[in-house]
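Hi everyone, thanks for making time this morning. I'd like to walk you through a few things in this structure, starting with the aromatic side chains and ending with the empty spaces.

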Amino acid sequence: MGMSADAPGGGADWLDRFFTSYYAHRPVNATFIGVHGLDHLLPDFSENGAGDTLAEMQALSRSAERLPAAQRGAREAEVPKEEIDPEQRTAVNWPLLDRRLAEGFLKIQLWEFESEHFHRGNPSLYASEAVFGVMALFLSDFAPLAERMEAATARLEGIPTLLRQGRENLRRAPSPWTERAVRECTGALAFLDRGIELLIAEASPRTSESQAVAGMRNAAGKAREAFAEYHHFLHSELSLHPSTHYACGEEALSVYLREGHFLDQSPQDLLAYAESELADSAARVNDHPGFTPEDLRGLADLHPTTDRYYAAYQEEWDAVKARSQEHDLLTWPDFPIRYVPRPLWAREAAPYLYFLFYRSPAAYQRPPVHEYLVKPIDAEMSEAEQEELLRANNDSVIKLNHVIHHGGIGHHVQNWHAFRSPSRVGRIAAVDCASRIAMFCGGTMAEGWACYATDLMGEAGGLTPLEEYAELKGRTRMCARAIVDLRLHLGRITLEQAAGFYEEHAGMGWDAALGEAVKNSMFPGAAVIYLLGTDAIHRLRQHLSVRKGSGFTLRAFHDEFLSFGSIPVSLIAEEMMRWVE
């Protein structure tokens with residue numbers, strides 16, 4: 001896998017080498033992104049493999065530093081005036097912007113590879129890469145089934161090696177991280193046992209006894225044994241060596257914020273902002289003249305019937321699209337969603353895994369219709385079970401979460417625009433991978449836009465008064481996420497205190513609150529993206545509407561904003577404000 005990252009060449013060559021290295025060392029990410037030449041491989045976290053990855057990233061960083069400042073991705077203010085192309089003062093220099101983002105990604109990854117936060121201290125990493133390395137091949141029909149089964153067999157055969165690397169690398173880990181990995185092993189074992197058989201029967205009923213299927217079954221058996229051994233290691237060995245080092249610390253947190261989100265503020269300044277916004281949001285919820293938090297329980301009473309359950313998703317999607325077009329909010333893509341039940345092969349495993357309802361489509365080689373995997377309902381369930389599921393997936397949840405935020409004007413529309421972006425980083429950064437998005441820098445756009453889109457539909461009259469109140473309550477959760485993220489990694493609160501904060505301020509039950517806190521601890525700087533991204537979009541819209549006056553339209557603003565792809569909102573604002581200045 002080695003490459004000459006120190007080789008001479010200009011900025012364009014450097015960016016090519018960056019992406020070559022990125023995919024070579026992150027083959028499961030490559031599959032989710034739609035780059036399929038490495039579908040038969042899993043990541044290599046052996047001493048030599050991790051060492052090669054680290055050495056290549058260091059070499060890429062060194063070679064980037066030797067580029068002229070105007071090619072390196074530096075801020076314009078840092079570049080000598082004689083090096084700035086006059087035409088680039090009013091147009092986006094996409095290669096320069098991408099190199100700036102790629103260099104930030106490398107700085108974050110260098111910290112992660114040298115810390116105990118990931119391959120040397122997080123047991124969940126190995127479980128998720130192993131199981132989703134196989135599942136990723138069957139979540140869409142991007143290639144003929146025979147090709148995907150062949151790749152799946154190769155990855156199944158590689159799982160014992162990957163999990164052995166986990167056992168060799170892991171010496172201690174925070175107990176909640178180990179417990180999460182144990183749950184993921186439970187899901188993986190279910191998938192590798194009954195799930196594989198259901199997948200074979202569902203995907204290829206005519207070839208269930210073929211040589212390819214026999215090879216896949218045999219490889220799945222060996223992978224199942226490896227997961228059982230890994231599960232035993234986690235439960236009987238690693239759990240006896242707990243670590244309390246789940247906070248990344250102020251220095252590393254600052255790197256995430258500065259080099260990933262491209263924010264100039266310190267963690268302390270951002271924390272003060274989030275705390276102020278939480279207080280304001282809580283006051284607005286408590287002082288609301290029309291509703292109280294208790295009224296929100298009534299939303300669960302409004303839900304589809306069992307026979308209309310699946311149709312309700314599609315009908316709501318059509319309604320949101322129609323309202324968006326009626327109000328001329330943006331360019332709605334010709335990229336439909338099909339709401340379908342979660343596949344049989346994934347149903348037993350999914351509750352234990354990072355198995356998303358809406359997983360971002362691949363940036364490349366994606367089918368023309370994207371399948372949204374909803375929680376299934378069927379006649380075999382008791383009436384009480386059906387009622388519980390319908391209340392949990394009521395009309396409001398379908399509209400706000402599954403259509404507006406994820407499957408409609410939020411993530412899905414933003415993803416389509418991102419895939420068409422001139423930014424190579426912007427096309428792939430927010431693609432969902434095994435446990436997080438492909439590149440950290442895509443976060444403020446992905447989640448910021450999805451939350452902003454819900455506000456936008458409220459402005460367009462798409463929410464009922466009670467749903468608007470629910471979104472007001474949702475903003476307190478958004479603020480709480482940012483506060484926990486920052487306090488936790490600054491070392492100001494424990495995981496238990498973080499969960500208690502969620503209970504008090506976000507209305508979560510203890511299990512959900514602790515699960516959210518654990519996720520925050522594993523991925524520093526990732527929970528601030530909802531609040532900071534949303535508010536930055538609102539501020540940019542306000543600034544440009546004032547500057548452009550009567551020439552400002554929502555459609556033009558949104559299309560221009562989305563055209564940048566999944567890159568930090570702060571950089572998009574920097575470019576769009578520069579144009580009007």
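Let's begin with F564, which is buried, with a relative accessible area of just 1%. Please keep in mind that this is a predicted model. Which ring does F564 pair with, and how are the two planes set? The partner is W94: the ring centres lie 5.4 Å apart and the planes meet at 55 degrees, so we call the pair tilted. W94 is buried as well, at 19% relative accessible area; the cut-off for buried is under 20%.

What does this pair tie together? W94 belongs to helix α5, residues 94-114, whereas F564 sits in the loop between α23 (554-562) and α24 (569-580), so the contact joins parts that are 470 residues apart in sequence.

Staying with α23, we find another aromatic pair, F557 with F561. This one is stacked, with 6.0 Å from centre to centre and 25 degrees between the planes. The two residues are 4 apart in the helix, which means about one helical turn separates them. Both F557 and F561 are buried.

Stepping back, the structure has 25 aromatic pairs. Some of the rings form a cluster: W14, F18, F19, Y22, Y23 and F105 are linked by ring pairs.

Rings also meet charges here. R148 places its charged end over the ring of F142, 5.8 Å from the centre. R366 lies over the face of F335, at 5.8 Å from that ring's centre.

Now for a polar side chain: is N29 buried or exposed? N29, in helix α2 (residues 27-33), has 10% relative accessibility and so counts as buried. Setting aside neighbours within four places in sequence, N29 touches Y22, E129, C433 and A438. You'll remember Y22 from the ring cluster.

Finally, the empty space. How many cavities of 30 Å³ or more does a search of the whole structure find? The answer is 3.

The largest holds about 50 Å³. Its lining has 4 nonpolar, 4 polar and 1 charged residues, including F118, N122, R436 and M522. Helix α6, residues 123-135, gives the largest share of that lining, with 3 residues.

The second largest has about 40 Å³ of space. Around it are E116, G121, R172, A173, P174, W177, S243 and H245; by class, that makes 3 nonpolar, 3 polar and 2 charged.

That's my tour, and I'm happy to take questions!

Note on methods: Residues numbered from 1 in each chain as written. Predicted model: local features only at pLDDT ≥ 70, side-chain atom pairs only at ≥ 80, totals over all residues. Heavy atoms only, no water. Phe/Tyr/Trp six-rings, centres within 6.5 Å; stacked < 30°, edge-to-face > 60°. Buried < 20%, exposed > 50% of the residue type's maximum accessible area, 1.4 Å probe, protein only. Lys NZ or Arg CZ within 6 Å of the ring centre and 35° of its normal. Contact = heavy atoms within 4.5 Å. 1 Å grid on protein atoms, 1.4 Å probe; cavity = no way out; pocket = protein on both sides within 12 Å on 5 of 7 lines; lining within 4 Å. Points joined across faces, edges and corners; volume = space filled by probe spheres on them. Nonpolar A, V, L, I, M, F, W, Y, C, P; charged D, E, K, R; others polar.
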